[in-house]
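Q: I should like to learn how to read the surroundings of a ligand and the charged pairs in a protein model. Where should one begin?

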Amino acid sequence: MNGAEALLRTASGAGVDVCFANPGTTEMQLVAALDAVPGMRAVLGLFEGVCTGAADGYARMLRKPALTVLHLGPGFANGIANLHNARRARVPIVNLIGDHASWHLPYDAPLSSDIESLARPVSGWLRSSASAKELARDGADAIRAALTPPGQIATLIVPQDCAWDVAEGPARVAPAPAPAAVSEAVVADVATALASREPAVLFLGGEALGERALRAAERIAAASGCRVLTETFYTRQERGGDLPAFTRLPYFPEQAREALAPCRHLVVAGTREPIGFFGYPDGRSRLAPDDARRLVLASPGDDVAGALEALAERLGAPARASVAPLPARPARPSGPLDPARLGQAIAALQPEGAIVVDEAATSGLAYAALSAGARRHTALALTGGAIGQGLPCATGAAVACPDRKVIAFQADGSGMYTAQALWTMARESLDVTVVICSNRAYRILQAELSRAGIAEPGVNARTLTDLSHPDLDWVALARGLGVPGRRADSAEAFCEAFERALAERGPALIEAVL
Ligand SMILES: Cc1ncc(C[n+]2csc(CCOP(=O)(O)OP(=O)(O)O)c2C)c(N)n1
């Protein structure tokens, strides 16, 4: 057996059996090994950002890594933006990057580059393999590193001679550590602060947005009177049905500061304290009042749900509490299509158990609130702000969960970064309904121009924020990539097209003209 096969047998033995790939000559032994190892599923992405974004979506749903196989420095570089998002999402991914044979490297062949320098900023664990005999062990270490709570990106550079030389066989992956238990002292400290009944906010993110944690948070709110706010751009949130509907922290800093005040105690669980997405000339970064006391109940990598439950117990909370009535499912809308009606339609019609990937940007604001009243679903958001994540993430989520409907709620500008994902959806018959918010603009940037005081943007500023001339034809683009598409320009037409897409299996796209 060669090194490549030993590596992939190691992965398969650890249950890592999906590979999102865009290979080249340096990865040919890895490609061949994908067939030598039974049960491996290779999925081709036509751009590396599709592979890395798909690995992110897959990991969010299954909490285990997929492999990516990427070609040298340039191929990896094409995948970095979505690895940035995945790093922010704290998900496990194992990247395998082929490199030239070790003896070929000194000659600086055309595709040679400093792969380690490219990989380091997005990799929690990084290694270049030294020999075929060590490759399987390196792979096992990479998988364990990826699965170390809360989850991280592990990147293994595979010089081609390591892949083709003879190896000894697969290695065993040591179990990753469990999430760390939060100490009673921390729980007691937070309980004392909340019991003071001074204005307090419980800020939930990361693993605190799962069902157990959300129900515990509701009990804490009932017992202490604190307010609960959730992260703006979460990795994964369970929503709808009978789950508590907490307010999401607004994106713009003025609104976020208003939502957080008044607040004497800021208790953070599963994430970090909220920080503005950007700095503005006012020089402020933090969103909670400066004089609020910061308390970290549980950090990423801790047993977040366990900590919230312990806090609820400590506060003597009732076993089941409800602090606000459950929002009603919105009615099916009618009339001209706009972001509000679009959000209403999706929230009204989305099926039980859907996975909703939200990269709808400004068109998704209404939906973000209304979806609290939708049927029970799992929502995935853009964690790192690097746009072009939605369609790949939906692809990976659909590979991970073939029995659940995936809805890719997608802004048009962001969608164009990685539109190639549609082809992978078609080829793999993935059950994804793609809704394109066709506002034909980089609307958020137009809003930012006006926030910067530019009331009348000049011709260049207009050019750089407008997507018309020519209008993108998403139905034609989808058809060209193998996905049937329809265009809707009224709420009625959208609802009809959406229901039809939901009723069928396989990918479908609706261009919602806004
Ligand atoms: C990789 C990357 N490139 C550029 C940007 C800057 N950027 C932020 S939002 C945006 C445009 C978003 O437009 P669209 O997706 O159509 O959503 P809309 O604002 O119209 O709702 C751009 C270019 C970014 N965030 N990430």
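A: Begin with a definition: a polar contact is a pair of N or O atoms within 3.5 Å. Please note also that this model is predicted.

Q: Which N or O atoms of the protein lie at such a distance from an oxygen atom of the ligand?
A: An N or O atom in the side chain of Ser414 is 2.6 Å from an oxygen atom of the ligand. For Asn439, a polar side-chain atom lies 3.0 Å from a ligand oxygen atom. The backbone takes part as well: a polar backbone atom of Ile387 is 3.2 Å from a nitrogen atom of the ligand.

Q: How much of the ligand does the protein bury?
A: Taken alone, the ligand exposes 590 Å², and the protein buries 77% of that. The ligand sits in the largest pocket. Helix 16 (412-415) and helix 18 (443-451) are the elements that give two or more residues to its shell.

Q: Which residues come nearest to the ligand, and how is the shell made up by class?
A: Among the 17 residues around the ligand, the nearest are Thr362, Ser414, Ala441, Arg443 and Ile444. The shell comprises nine nonpolar, six polar and two charged residues.

Q: How should one read a salt bridge?
A: Side chains of opposite charge can pair when their charged atoms come close. In the whole structure, a search finds 32 salt bridges. One of them joins Glu207 to Arg63, with the closest N and O atoms 2.9 Å apart. This pair links distant parts of the chain, 144 residues apart. Glu207 is in the loop between strand 7 (200-204) and helix 10 (211-224), whereas Arg63 is in the loop between helix 3 (48-62) and strand 3 (67-71).

Definitions and conventions. Residues are numbered from 1 along each chain as its sequence is written. This is a predicted model: local features need pLDDT of at least 70, side-chain atom pairs count only at pLDDT 80 or more; totals for chains, interfaces and linings use all residues. Side-chain values use heavy atoms; hydrogens and water are left out. A residue is near a molecule or strand if one of its heavy atoms lies within 4 Å of it. A polar contact is a pair of N or O atoms within 3.5 Å; within protein, one must be able to donate a hydrogen and the other to accept it, and residues adjacent in sequence count only if both atoms are side-chain atoms. Accessible areas come from the Shrake-Rupley method with a 1.4 Å probe; for residues, only the protein chains shown count as cover. On a 1 Å grid over the protein atoms alone, a cavity is a set of points where a 1.4 Å probe fits but cannot get out, and a pocket is an open set with protein on both sides within 12 Å along at least five of seven lines; lining residues have an atom within 4 Å of a point. A molecule sits in a cavity or pocket if more than half of its atoms lie within 2 Å of its grid points. Helices (H or I, at least four residues) and strands (E, at least two) are DSSP runs, numbered from the N terminus. Ala, Val, Leu, Ile, Met, Phe, Trp, Tyr, Cys and Pro count as nonpolar, Asp, Glu, Lys and Arg as charged, and the others, Gly among them, as polar. A salt bridge is a side-chain nitrogen of Lys or Arg within 4 Å of a carboxyl oxygen of Asp or Glu.
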